[in-house]
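Please examine the sequence and the structure shown below. The report that follows describes selected residues and then the chain as a whole.

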Amino acid sequence: KQLVEQLYPISDFQSVYVKIFARSVALRNDLCWSCVSSCAFGDTVIFKSPAENFRHYLPEGHGGQLHNNTWYYVDIKRAKLVAFCVFLNTLTSEGILADPQHTLDGKLLWNGELKLFSHNIKKESDVAFL
């Protein structure tokens with residue numbers, strides 16, 4: 001089981017994004033977020049990173065419900081937060097960020113406690129319960 005508390009406490013995606021990609025455009029909802037609502041399953045999103053030619057990041061796990069290979073959440077806000085955490089983890093794994101909270105030169109991206117987050121958890125024993 002994945003815990004929602006493992007998500008990063010980020011409320012302003014734009015301020016974090018411009019610290020990573022300084023010359024980037026604003027994260028406009030109509031360009032950077034595709035939102036889908038389903039009465040039966042909840043809401044999901046696709047985050048499209050403008051500085052990366054609108055590369056897609058999808059939310060996975062963390063309180064969502066998986067249906068037909070798509071994760072759905074109780075609301076759009078939760079789906080966006082999970083997708084943005086996946087974005088930060090991906091940049092970290094690719095060596096673009098030092099960790100999900102710091103740039104390579106040590107600049108702080110967001111305030112709060114850095115907790116373990118994995119969006120590729122295969123089994124319950126892989127989860128760090130915090």
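H62 counts as buried, because its relative accessibility is 1%, below the limit of 20% that defines a buried residue. The model in which this residue is seen is a predicted one. H62 belongs to the loop between β3 and β4, the latter strand covering residues 65–67. The backbone of H62 is also notable: its phi is near 50°, a positive value in a residue other than glycine. Most residues other than glycine have a negative phi.

**Further positive phi values**

F54 likewise has a positive phi although it is not glycine, and the value is near 60°. This residue is placed in the loop between β2 and β3, where β3 spans residues 55–57. Is F54 buried, partly exposed or exposed? It counts as partly exposed, because its relative accessibility is 35%. A positive phi is also found just after helix α3, where G95 takes a value of about 80°.

**The loop between β2 and β3**

P50 is found in this loop as well. With a relative accessible area of 14%, P50 is buried. Which residues are in contact with P50, if its neighbours within four places in sequence are left aside? They are Y17, S24, V25, L27 and C32. One of these partners, Y17, stands 33 residues from P50 along the chain, and the C-alpha atoms of the two are separated by 10.0 Å.

**A buried aspartate**

D43 is part of strand β2, which runs over residues 42–49. Although D43 is buried, it has no salt bridge. How far away is the nearest side chain of opposite charge? That side chain belongs to K80, and it is 11 Å from D43. A salt bridge requires a nitrogen and an oxygen within 4 Å of each other, so a separation of this kind does not qualify. A polar atom of the D43 side chain does, however, lie 3.4 Å from the backbone nitrogen of I76. Apart from its neighbours within four places in sequence, D43 is in contact with V36, S37, S38, W71, Y72, Y73, V74, D75, I76 and A79.

**Helix α3**

Helix α3 comprises residues 76–93, and I76, already named for its backbone nitrogen, falls within that range. The helix has 18 residues and reaches 26 Å from its first C-alpha to its last. This span is close to the 26 Å expected at 1.5 Å a residue. Is α3 mostly covered or mostly uncovered? It is mostly covered, since 13 of its 18 residues are buried.

**Salt bridges**

How many salt bridges does a search of the whole structure find? The search finds three, and they are listed here.

| Positive residue | Negative residue | Closest N to O distance |
|---|---|---|
| R28 | D30 | 2.6 Å |
| R55 | E52 | 3.2 Å |
| R55 | E94 | 2.5 Å |

In the pair of R28 and D30, R28 is partly exposed with a relative accessible area of 43%, whereas D30 is exposed with a relative accessible area of 53%. In the pair of E52 and R55, E52 counts as buried at 15% relative accessibility, while R55 is partly exposed with a relative accessible area of 30%.

R55 also meets E94 in a salt bridge. R55 lies in strand β3 and E94 in the loop between α3 and β6 (97–99), so the pair ties together parts that are 39 residues apart in sequence. E94 counts as partly exposed, at 41% relative accessibility. Because salt bridges that share partners are joined, E52, R55 and E94 form one network.

**The chain as a whole**

The elements discussed above belong to a chain with three helices and seven strands. In what pattern do they follow one another along the sequence? The pattern is α-α-β-β-β-β-β-α-β-β. The chain has 130 residues, of which 40% count as buried. Among the contacts in the chain with a separation of 6 or more, 58% are accounted for by residues 24 or more positions apart. The exposed area of the chain is about 7,400 Å², and carbon and sulfur atoms supply 52% of it.

Definitions and conventions
Residues are numbered from 1 along each chain as its sequence is written. This is a predicted model: local features need pLDDT of at least 70, side-chain atom pairs count only at pLDDT 80 or more; totals for chains, interfaces and linings use all residues. Side-chain values use heavy atoms; hydrogens and water are left out. Helices (H or I, at least four residues) and strands (E, at least two) are DSSP runs, numbered from the N terminus. Buried means under 20% relative accessible area, exposed over 50%, partly exposed in between (1.4 Å probe, protein chains only). Lys and Arg count as positive and Asp and Glu as negative; His and the chain ends are not counted. A polar contact is a pair of N or O atoms within 3.5 Å; within protein, one must be able to donate a hydrogen and the other to accept it, and residues adjacent in sequence count only if both atoms are side-chain atoms. Contact means heavy atoms within 4.5 Å. The expected span of a helix is 1.5 Å times one less than its number of residues. Accessible areas come from the Shrake-Rupley method with a 1.4 Å probe; for residues, only the protein chains shown count as cover.
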